[in-house]
Amino acid sequence: MINGDVNEFVDGLYYGDERIFLYNGQKFFIEGLTLNGKNHLLLDRWEPESEGYIWEGESECGSYCVEDFLSAPLFDGKTF
């Protein structure tokens, strides 16, 4: 993350904030939302466009599964 505050980025995920970020020339979008009484954290790749979400986490209301996202090897086999 160039000129970005990683702590601020991650803190926002705990509240379901939408974030756009770049990694290795690819543009990603992550957002948190509530569906059917559960919180979801969804990661989509905008450029190049992906077919559907490339990662989705689900948790009980009151928290988002940020730790699951941070530990998933989504970025060339690396974690966030």
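These legends describe close-up views of a predicted model.

**View 1. The four-stranded sheet.**
The sheet is open and has the strand order β1-β2-β3-β4. Its pairing is antiparallel. β1 (19-23) and β4 (55-60) are the edge strands, and each pairs on one side only. On average, neighbouring strands of this sheet are turned by 20° against each other, direction ignored.

**View 2. The β1-β2 hairpin.**
β1 and β2 run antiparallel and are joined by five bridges. Ile-20 stands opposite Phe-29 in β2. Leu-22 has Lys-27 of β2 as its bridge partner. Two residues lie between the strands of this hairpin. Which residue here takes a positive phi? Asn-24 does, with a value near 50°.

**View 3. The β2-β3 hairpin.**
Nine bridges hold the antiparallel pairing of β2 and β3. One bridge pairs Gly-32 with Leu-41 in β3. The hairpin has two residues between its strands. Asn-36, in the turn, has a positive phi of about 50°.

**View 4. The β3-β4 pairing.**
Strand β3 covers residues 38-47 and pairs with β4 in the antiparallel sense. The pairing has six bridges. Leu-41 stands opposite Gly-57 in β4. Leu-41 of β3 is also the bridge partner of Gly-32.

**View 5. Asn-39 in strand β3.**
Is Asn-39 buried or exposed? The relative accessible area of Asn-39 is 5%, which is under the 20% cut-off, so this residue counts as buried. Asn-39 lies in strand β3. Its side chain makes a polar contact of 2.8 Å with the side chain of Thr-34.

**View 6. Helix α1 across the sheet.**
Helix α1 (residues 6-13) lies across β1, β2 (26-35) and β3. The helix runs at about 135° to β1. At the start of α1, a side-chain oxygen of Asp-5 comes to within 2.9 Å of the backbone nitrogen of Asn-7.

**View 7. The two sides of α1.**
Phe-9, Val-10, Gly-12 and Leu-13 are buried in α1. Why do the buried residues line one face of the helix? Seen down the axis of α1, they fall within an arc of 160°, so they line one face. In general, an α-helix has 3.6 residues a turn, so residues three or four places apart point the same way. The cover over the buried residues of α1 includes β1, β2, β3 and α2 (66-71). Asn-7 and Glu-8 are exposed, on the face of α1 turned away from its buried side.

**View 8. Asp-11 of α1.**
Asp-11 is found in helix α1. Its relative accessibility is 45%, so Asp-11 counts as partly exposed. Asp-11 and Ser-50 are 39 residues apart in sequence. Their C-alpha atoms are 26 Å apart in space.

**View 9. Arg-19 between strand and helix residues.**
Arg-19 is found in strand β1. What does the side chain of Arg-19 reach at 3.1 Å? The answer is the backbone oxygen of Glu-8. Not counting residues up to four places away in sequence, Arg-19 touches Glu-8, Phe-9, Gly-12 and Leu-13. Under the same exclusion, Arg-19 also touches Phe-28, Phe-29 and Ile-30.

**View 10. The largest nonpolar core.**
The largest nonpolar core has 15 residues. Phe-21, Ile-30, Leu-41, Leu-43, Trp-55 and Phe-69 have the most contacts inside this core. At least two core residues come from each of α1, β2, β3 and α2. Which element gives the largest share? Helix α1 does, with three residues. In soluble globular proteins, nonpolar side chains tend to be buried together.

**View 11. Trp-55 and its contacts.**
Trp-55 is among the residues with the most contacts inside the largest nonpolar core. Neighbours within four places in sequence are left aside here. Trp-55 is in contact with Leu-41, Leu-42 and Leu-43. Its other contacts are Cys-65, Asp-68, Phe-69, Ala-72 and Leu-74. Among these contacts of Trp-55, Leu-41, Leu-43 and Phe-69 are likewise residues with the most contacts inside the core.

How values were computed
Residues numbered from 1 in each chain as written. Predicted model: local features only at pLDDT ≥ 70, side-chain atom pairs only at ≥ 80, totals over all residues. Heavy atoms only, no water. Pairing = 2+ DSSP bridges. Axes fitted to C-alpha atoms, helices over the stretch in contact; angles between N-to-C directions. Contact = heavy atoms within 4.5 Å. Buried < 20%, exposed > 50% of the residue type's maximum accessible area, 1.4 Å probe, protein only. Arc of directions from axis to C-beta. Polar contact = N/O pair within 3.5 Å; in protein donor to acceptor, adjacent residues only side chain to side chain. Core = buried A, V, L, I, M, F, W, Y, C linked by side-chain atoms within 4.5 Å.
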